[in-house]
Every structure is written in structure tokens, then in C-alpha cells.
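Visitor: Please choose one part of this model for a close look, and describe how its residues are placed and what surrounds them.

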Amino acid sequence: MGQSDSGFQDGALPLFADAARAVPDRDVETGRDKQPSYLRDHRKRLRARFLTGGADAVPDYELLELLLFRAIPRQDVKPLARRLIDDFGDLARVVSAPETPLRKVAGVGDAVVLELKLAAACAQRMARARVMGRPVISSWDALLDYCHTAMSHRETEEFRVLFLDRKNSLIADEVQGSGTVDHVPVYPREIMRRALELNATALILVHNHPSGDPTPSQADIAMTEQIQRAGECLSVTLHDHLVIGKSCEISFRATGLL
């Protein structure tokens, strides 16, 4: 990988390359890294503080530092961590940021992007595990957390359908369409076909508004009515339609739109 103007070397990860090649700057006699002692000590202290006190013991930029340690093994990553936080706003937005804007930040290359995308994937899988196979009524807050984790920071609209069984447990979560910054194509017939394939008896629709404002549009309302009518013909109940914004959401049922 090339070296950016900032001086950060975004090197290969030990996961994908021979460890000796990933950390080539070793002392010939001792076999130890030629990493400056202050940098080794800082990383050691930060890791120890995290292991002792957990996430609450470190601010966002230091959690980000911990993620970046593997991606950039021999340099001070604190300036990069602070720059990413400043550019994107907080840790969640950094981790969930699309690849293209990430790469515009000086010091970000393949290894950094990989670490951040791995963290985002783990967060989404963990949030999904909290709701899959469980009744949505008793795990509603966890369901909202999952929807925000999966969708709130996307730069384009995405439309998901949560398929439920007779006990209102989540049996499938599927992306039915991706679109532009303010539109995503939705096909009620395809949603109903998939519901029948899964033997689902109820649905929850979820889509995001990249603008951050979850207020439903008239197109959102009309599309929801179409899906509700189609479901009624096939004994598939539409429980709700959630519109996910940057930091909040709107429920069609809670607001009387359904």
C-alpha cells in the first residue's frame, strides 16, 4: 500500500499476509519491532485500560484507535482517529461510513477500510441476533436498535421486510430493494410472493431516509396502503412500517398512518 501525505502507512494485515512481511521493521538481534517505545507503551496502556474498564473507560476516538492498531501497526494512529471522528461526527458514523468517503480521509487505505467494515458487520450481526427468532413485541427496543444499526447511516434508501410467523417471531429479514438518496423501488407482489414462500403470516416494513428526517412521504404512505391491501387478500397482516432517520424513527402504527 502507498503512503499518504499524512505519513500514515496503511500496511497489509497479518490476517492476509505473512506476519514477518506485515511488520518488517524488526531488530535483527532481538527480533523485536523497531516500534518507538512511547508508541508501544501507549498501545499497551490503552489496551489495558479497555480490558480493565471496558468501553466506558475509553472515549470514541480511543476505541477507534484500538480498531486501527492492527491496520497500521507501527505508527501513531491517534491523529487519524481524531480526524475520522471530526469528519464523520462520531464512532458509529465512522464505522458505518461508505468506503468512498472513508478513502478521502488522508491515511485511510485498504487495511483501515477493512477493519472498519469488519467492525460494522459484527455490530450488525450482533444486533440482528438479539431479535431473530424472538417475538417482536417483547423485543421491540432491540428491533429498533437493529434497524438503526443496519440502516440509519446509509447514504441511499434501502427497503427491508421483516417476515414474522404466527407467534410474531422474526423468521427472516430481507432487503427487497436499494435505490437513490430519496427513492427505492418497491413491488408489493414480490413481497407477498416471498411471504408465502416463507409461510409468514405478518410483516413489518422498514426503510431509511438518508436525509435524516424520518417523516413519511406521500409515496411512502401510498406504497404502504398497497402492501396492506395485498396482504389482506392473502391473510398476511402488516403490523407496521418503520421509517428510520439518523437518530430517530417513525412508526406508521404509532402515528395512526396504519
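Guide: Buried here means under 20% relative accessible area and exposed means over 50%, with partly exposed in between (1.4 Å probe, protein chains only). Helices (H or I, at least four residues) and strands (E, at least two) are DSSP runs, numbered from the N terminus. The model is predicted, so local features need pLDDT of at least 70 and side-chain atom pairs pLDDT 80 or more, while totals for chains, interfaces and linings use all residues. Residues are numbered from 1 along each chain as its sequence is written, and side-chain values use heavy atoms, without hydrogens or water.

The part chosen is helix H4, residues 78-88, in a protein that has ten helices and five strands. Of the 258 residues in the protein, 43% are buried. In H4, the buried residues are Leu 80, Ala 81, Leu 84, Ile 85 and Phe 88. Because these residues cover an arc of only 135° around the axis (taken from the directions from the axis to the C-beta atoms), they lie on the same side of H4. An α-helix has 3.6 residues a turn, so residues three or four places apart point the same way. Asp 86 and Asp 87, on the other side of H4, are exposed.

The buried residues of H4 are covered by surroundings that include helix H3 (60-71), helix H5 (91-96), helix H6 (99-103) and helix H7 (110-129). After H4 comes Gly 89, which has a positive phi near 110°.

H4 also contributes to a nonpolar core, meaning buried Ala, Val, Leu, Ile, Met, Phe, Trp, Tyr and Cys residues joined through side-chain atoms within 4.5 Å. The largest such core has 27 residues, and Leu 64, Leu 68, Leu 80, Leu 84, Val 108 and Val 112 have the most contacts inside it. At least two of its residues come from each of H3, H4, H5 and H7, with H3 giving the largest share, six residues. Leu 68 shows how H4 is met: apart from neighbours within four places in sequence, Leu 68 is in contact (heavy atoms within 4.5 Å) with Val 77, Leu 80, Ala 81, Leu 84 and Val 112. A second, separate core has 18 residues, among them Ala 127, Ala 142, Leu 143 and Ala 150.

Leu 143 leads on to Val 136, since both are in contact. Val 136 sits in the loop between H7 and helix H8 (140-151) and is buried, with a relative accessible area of 3%. Beyond neighbours within four places, the other contacts of Val 136 are Leu 164, Asn 168, Leu 170 and Ile 204.

Leu 164 belongs to strand E1 (residues 158-164), in which seven of seven residues are buried. Glu 158, Arg 160, Leu 162 and Leu 164 point one way from E1, whereas Phe 159, Val 161 and Phe 163 point the other way. E1 pairs (DSSP must find at least two bridges) with strand E2 (residues 170-178) in the antiparallel sense over seven bridges; Glu 174 in E2 is the bridge partner of Val 161. Five residues lie between E1 and E2 in this hairpin, and Asn 168 in the turn has a positive phi of about 60°. E1 also runs antiparallel to strand E3 (residues 202-208), joined by six bridges, with Leu 203 in E3 as the bridge partner of Phe 163.
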